[in-house]
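Work through the two exercises below with the sequence and the coordinates open beside you, and compare each step with the solution given.

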Amino acid sequence: MRGDEPLARYTTYRIGGPAAALVEPRSAEDVAAALAFAGETGSRWLALGLGSNMLIADAGFDGVVIRIGKGLDHATAVAPDTWVVGAGLPTPLLARRTAAAGLAGVHRLVGVPGTVGGGVVMNAGAHGQDFASVVQSVRTVAPTGAVTEVSGGALRWEYRDSGLRDVVVVATTLRLEPAARGDLEADVRRHLAWRKVGTPFDEPCCGSVFRNPEPPSGEERRTAGQLIDAAGLKGFTIGRAQVSPMHANYIVNLGGATAADVRRVIDAVHQRVQQQFGVELELEVKLLG
Ligand SMILES: Cc1cc2nc3c(=O)[nH]c(=O)nc-3n(C[C@H](O)[C@H](O)[C@H](O)COP(=O)(O)OP(=O)(O)OC[C@H]3O[C@@H](n4cnc5c(N)ncnc54)[C@H](O)[C@@H]3O)c2cc1C
């Protein structure tokens, strides 16, 4: 455990002030101990994966951050098509390893740069695949320390949401589909190449900032990115935060951006799209603080 730990280095935005405490548990028991510590000290707590869907305030987080990574990053085949995977395993690694094992289901998530735990909680998805379609069960630790295996069928899966709240995910069991290894690996390469050409993949960002909206009745469906682009906002910049000229639903940190810069860009984009198209964009990125 480290006190007063700057969080910017733990997020893909490279933004975020200090946490009162940051813990890196290596087992479910460690997670339970971290939650007990938060309870005993009356502190708020937050589970963090690779921070690839988080915008953390410049003032930081006055609580305990429980960062799930190494030690909880195992992947074990328990049947030919069934893997038990630690919440700390990066999703791109899961995608590559399952493709190499000739298993389809999550290989197209190779460009989703979070952990499996964050992916399950957020129901991360891309190119027709998502966690909801493959999760058989999820192992969680509650603030009481209770470890529970929750069936995937019991979760309230939605677009970018699993309904999981107030627990820390430590592992998941995935049911995958046998397929030809060569085809899967070619698919992995194709989707990664698409990411590199079509999105600011190597720049500090959080992926899509807004959820794709439902269109007003009778109107054609347009993605958040298409609406922001049509509003002429590609390249729109405040401070060091910019609507990516490559993909309008990405707001990138040009280097030295503050959370306040990003939030001002978010507010401006939200307002402009509302005024111009009457569409209320909702955030996909999680704001902390
Ligand atoms: C370049 C880029 C491209 C992206 N593309 C996609 C995409 O195509 N599709 C997509 O769905 N997302 C995409 N994302 C967003 C992001 O990668 C996913 O949402 C990812 O699953 C988040 O995982 P994480 O470990 O980084 O979670 P974090 O950002 O650390 O956390 C996200 C949320 O999950 C919670 N959480 C994280 N881990 C746990 C845990 N173990 N237990 C309980 N709660 C937890 C956090 O408290 C927070 O509420 C992209 C992001 C980037 C930067």
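The exercises that follow treat a predicted model, taking a pair of helices and then the surroundings of the ligand.

**Exercise 1.** Determine how helix H2 is oriented relative to helix H4, and which residues form their contact.

*Solution.* Begin with the axes: those of H2 (residues 91-100) and H4 (residues 181-198) come within 8 Å and cross at roughly 155°. Because angles over 145 degrees count as roughly antiparallel, H2 is roughly antiparallel to H4. Next, list the residues that meet: Ala95, Arg96, Ala99 and Ala100 belong to H2, while Arg181, Leu184, Glu185, Val188 and Leu192 belong to H4. Sorted by class, the residues of this contact comprise six nonpolar and three charged ones, with no polar residue.

**Exercise 2.** Describe the polar contacts of the ligand, the extent of its burial and the make-up of the shell around the ligand.

*Solution.* Start with the backbone, where a polar atom of Leu50 is 3.0 Å from an oxygen atom of the ligand, and where an N or O atom of Gly51 lies 2.9 Å from a ligand oxygen. Then turn to the side chain of Arg160, in which an N or O atom is 3.2 Å from an oxygen atom of the ligand. For burial, take the 970 Å² that the ligand exposes when taken alone, of which the protein buries 93%. Elements that give two or more residues to the shell are strands S3 (44-48), S9 (125-126) and S13 (168-175), together with helix H3 (116-122); the largest share, five residues, comes from H3. Finally, count the classes: of the 34 residues that surround the ligand, 18 are nonpolar, 13 polar and three charged.

Terms used
Residues numbered from 1 in each chain as written. Predicted model: local features only at pLDDT ≥ 70, side-chain atom pairs only at ≥ 80, totals over all residues. Heavy atoms only, no water. Axes fitted to C-alpha atoms, helices over the stretch in contact; angles between N-to-C directions. Helix = DSSP H or I, 4+ residues; strand = E, 2+ residues; numbered from the N terminus. Parallel < 35°, antiparallel > 145°, perpendicular 65-115°, else oblique. Contact = heavy atoms within 4.5 Å. Nonpolar A, V, L, I, M, F, W, Y, C, P; charged D, E, K, R; others polar. Polar contact = N/O pair within 3.5 Å; in protein donor to acceptor, adjacent residues only side chain to side chain. Areas by Shrake-Rupley, 256 points an atom, 1.4 Å probe, with all protein chains shown as cover.
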